[in-house]
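Trainee: I'd like to learn how to read a model like this one. Could you walk me through it?

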Amino acid sequence: MVIRVFIASSSGFVAIKKKQQDVVRFLEANKIEFEEVDITMSEEQRQWMYKNIPPEKKPAQGNPLPPQIFNDDRYCGDYDSFFESKESNTVFSFLGLKSQLASKAEP
């Protein structure tokens with residue numbers, strides 16, 4: 001299982017950059033292995049991302065904006081969904097992972 005975060009390294013939108021950084025920092029801080037996929041560097045990856053986001057999760061107009069999060073080929077969600085799961089402390093289930101809290105043995 002690989003968490004893949006689709007990002008745009010050359011986005012001119014500050015809000016998108018902040019959202020991408022927020023996701024990446026959270027994953028790093030929680031030692032969750034992930035792979036960044038830069039859709040600005042690969043048209044093939046960009047098309048794959050667009051094609052694999054469920055129709056009900058796509059915006060009414062335009063293309064979905066990064067960051068978009070997948071667990072292998074399973075769509076987890078966008079930044080708003082990630083943020084909601086972070087606020088409700090359900091990120092591991094959002095990502096389709098077992099909680100790491102159980103693996104931290106008590107002293």
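**Reading the fold**

Mentor: Start with the secondary structure: this chain has 4 helices and 4 strands. Keep in mind that we're looking at a predicted model.

Trainee: In what pattern does the chain run along the sequence?

Mentor: Going along the sequence, you get β-α-β-α-β-β-α-α. The radius of gyration is 14 Å, close to the 13 Å from the globule rule for 107 residues, so the chain is as compact as a globular protein of that length. As for its extent, the C-alpha trace spans about 50 × 25 × 25 Å along the principal axes.

Trainee: What share of the residues counts as buried?

Mentor: Here 36% of the 107 residues do, with buried meaning under 20% relative accessible area. Turning to the outside, the accessible surface is about 7,100 Å², and carbon and sulfur atoms account for 51% of that.

Trainee: And what do the contacts in the chain look like?

Mentor: Take the contacts between residues at least 6 apart in sequence: 61% of them join residues at least 24 apart.

Trainee: How many positive and negative side chains are there?

Mentor: There are 14 positive and 16 negative ones, and the centres of the two sets sit 2 Å apart.

Trainee: Where is the pLDDT below 50?

Mentor: Begin with the overall picture: the chain averages a pLDDT of 91, and 93% of the residues score at least 70. Residues 102-107 are where the pLDDT is below 50, and this stretch has 0 contacts in the model beyond near neighbours in sequence. Where pLDDT is low, don't read the predicted coordinates in detail.

Definitions and conventions:
Residues are numbered from 1 along each chain as its sequence is written. This is a predicted model: local features need pLDDT of at least 70, side-chain atom pairs count only at pLDDT 80 or more; totals for chains, interfaces and linings use all residues. Side-chain values use heavy atoms; hydrogens and water are left out. Helices (H or I, at least four residues) and strands (E, at least two) are DSSP runs, numbered from the N terminus. The radius of gyration is taken over C-alpha atoms; the globule rule is 2.2 Å times the number of residues to the power 0.38. Buried means under 20% relative accessible area, exposed over 50%, partly exposed in between (1.4 Å probe, protein chains only). Contact means heavy atoms within 4.5 Å. Accessible areas come from the Shrake-Rupley method with a 1.4 Å probe; for residues, only the protein chains shown count as cover. Lys and Arg count as positive and Asp and Glu as negative; His and the chain ends are not counted. The place of a charge is taken as NZ of Lys, CZ of Arg, CG of Asp or CD of Glu. pLDDT is the predictor's confidence in each residue, from 0 to 100.
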